[in-house]
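Student: Got a minute to go through a model with me? I'd like to talk about packing and contacts.
Tutor: Sure, put it up and ask away.

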Amino acid sequence: MALRHAVLAALLDGEYSGYQLAKIFDLSVSNFWHAVPQQLYSELSRLETQGLISGRQVIQHDRPNKRVYTVTRAGIDELERFASTPAKPGTIRENILVMVQAVDHISADAVIAQLEERARMSAAKVELFERMLVRLRGDLDEHTFLRSATPIGPYLTCLRGRRFEQEHHEWFTSTARLLRARAGAHAEGGEAS
């Protein structure tokens, strides 16, 4: 997947400025695609030049003018082409996994601290996803929403983001606990010798 497809998908729900798009990425799209605002602004310019989105200037009297974007028919066609190509499996590239891999040869305390911090971060993200899910479904319960409400795509990606962070939280927590217990057992065994 290229950034272009993530931007096109994010713009499907309405007309957004680059600033608003950056906020959307930060709150919802970031669970499956990371981009900094500068990348988004560059991509918006490319997509507009290619005719995949259209932009219009909004005159604001109390603030600087802004440009807002919507997806064109050509942009929808590009997403259709993208959706028909085989999806490549994701890969894990986590520096914390390198730390855990090396834990037998380095200080476990630093690795445990990193795991505990990441567990806190994941717990906070789970809470954020929970709030987003409630906001997306409004007054509907989850079963009713999943059966018939729209838009379903952002809700499903938010569910995946929540599950991803729940799994992270559980792994970070259990791994830190295990390493701490092993370090404690090792210290006790070392004192007894």
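Student: Leaving out residues up to four places away in sequence, which residues does His168 touch?
Tutor: His168 touches Glu94, Arg118 and Ser122. Keep in mind that this is a predicted model.

Student: Okay. Where is His168 found?
Tutor: In helix H8, which covers residues 152-192.

Student: And does His168 count as buried or exposed?
Tutor: Buried, because its relative accessibility is 16% and the cut-off for buried is under 20%.

Student: Let's switch to aromatics. How many aromatic pairs does a search of the whole structure find?
Tutor: Two. In one of them, Phe145 and Tyr155 form a tilted pair, with 4.4 Å centre to centre and 45° between the planes.

Student: Which helices do Phe145 and Tyr155 lie in?
Tutor: Phe145 lies in H7 and Tyr155 in H8, so the pair ties together parts that are 10 residues apart in sequence. From C-alpha to C-alpha, Phe145 and Tyr155 are 9.1 Å apart in space.

Student: Are those two buried or exposed?
Tutor: Phe145 is buried, at 1% relative accessible area. Tyr155 is buried too, at 0%.

Student: What about the other pair, which residues form the edge-to-face one?
Tutor: Trp171 and Phe172, with 5.7 Å centre to centre and 65° between the planes. Trp171 counts as partly exposed at 32% relative accessibility, whereas Phe172 is buried at 2%.

Student: Back to Phe145. What is Phe145 in contact with, leaving aside neighbours within four places in sequence?
Tutor: Leu136, Arg137, Leu140, Thr150, Pro151, Ile152 and Tyr155.

Student: Thr150 and Pro151 are both on that list. What kind of peptide bond joins Thr150 and Pro151?
Tutor: A cis one, with omega at about 0°. Pro151 is found in the loop between helix H7 (142-148) and H8.

Student: New topic, the N-terminal helices. How many residues of H1 are buried?
Tutor: Eight of the nine, so helix H1 (residues 3-11) is mostly covered. The buried ones are Leu3, Arg4, His5, Ala6, Val7, Leu8, Ala10 and Leu11.

Student: What covers the buried residues of H1?
Tutor: The cover includes three strands, E1 (16-17), E2 (53-58) and E3 (66-71). It also includes the helices H2, H3 and H4, the last being residues 73-83.

Student: Take H3 from that list. At what angle do H1 and H3 pack?
Tutor: About 85°, with their axes 10 Å apart. H1 and H3 are therefore roughly perpendicular to each other.

Student: Which residues meet there?
Tutor: From H1, Leu3, Arg4, Val7, Leu8 and Leu11. From H3, they meet Gln39, Leu40, Glu43, Leu44 and Leu47. By class, the contact of H1 with H3 has seven nonpolar, one polar and two charged residues.

Student: And how do H2 and H3 pack, what's the angle?
Tutor: Helix H2 (residues 18-27) and helix H3 (residues 37-49) pack at about 125°, and their axes are 10 Å apart. H2 and H3 are therefore oblique to each other. Their crossing is right-handed.

Student: Which residues of H2 and H3 meet?
Tutor: Gly18, Tyr19, Leu21, Ala22 and Phe25 in H2 meet Pro37, Leu40, Tyr41 and Leu44 in H3. The residues of that contact divide into eight nonpolar, one polar and no charged.

Student: Leu40 and Leu44 sound familiar.
Tutor: They should: Leu40 and Leu44 are in the H1 contact with H3, and also in the H2 contact with H3.

Student: Last one, Gly51. Where is Gly51 found?
Tutor: In the loop between H3 and E2. Gly51 is partly exposed, with a relative accessible area of 31%.

Student: What does Gly51 touch, not counting residues up to four places away in sequence?
Tutor: Thr72 and Ala74.

Student: And how far apart are Gly51 and Ala113, in sequence and in space?
Tutor: They are 62 residues apart in sequence and 49 Å apart in space, going C-alpha to C-alpha.

Methods. Residues numbered from 1 in each chain as written. Predicted model: local features only at pLDDT ≥ 70, side-chain atom pairs only at ≥ 80, totals over all residues. Heavy atoms only, no water. Helix = DSSP H or I, 4+ residues; strand = E, 2+ residues; numbered from the N terminus. Buried < 20%, exposed > 50% of the residue type's maximum accessible area, 1.4 Å probe, protein only. Contact = heavy atoms within 4.5 Å. Axes fitted to C-alpha atoms, helices over the stretch in contact; angles between N-to-C directions. Parallel < 35°, antiparallel > 145°, perpendicular 65-115°, else oblique. Left-handed = near helix turned anticlockwise from the far one by under 90°. Nonpolar A, V, L, I, M, F, W, Y, C, P; charged D, E, K, R; others polar. Phe/Tyr/Trp six-rings, centres within 6.5 Å; stacked < 30°, edge-to-face > 60°.
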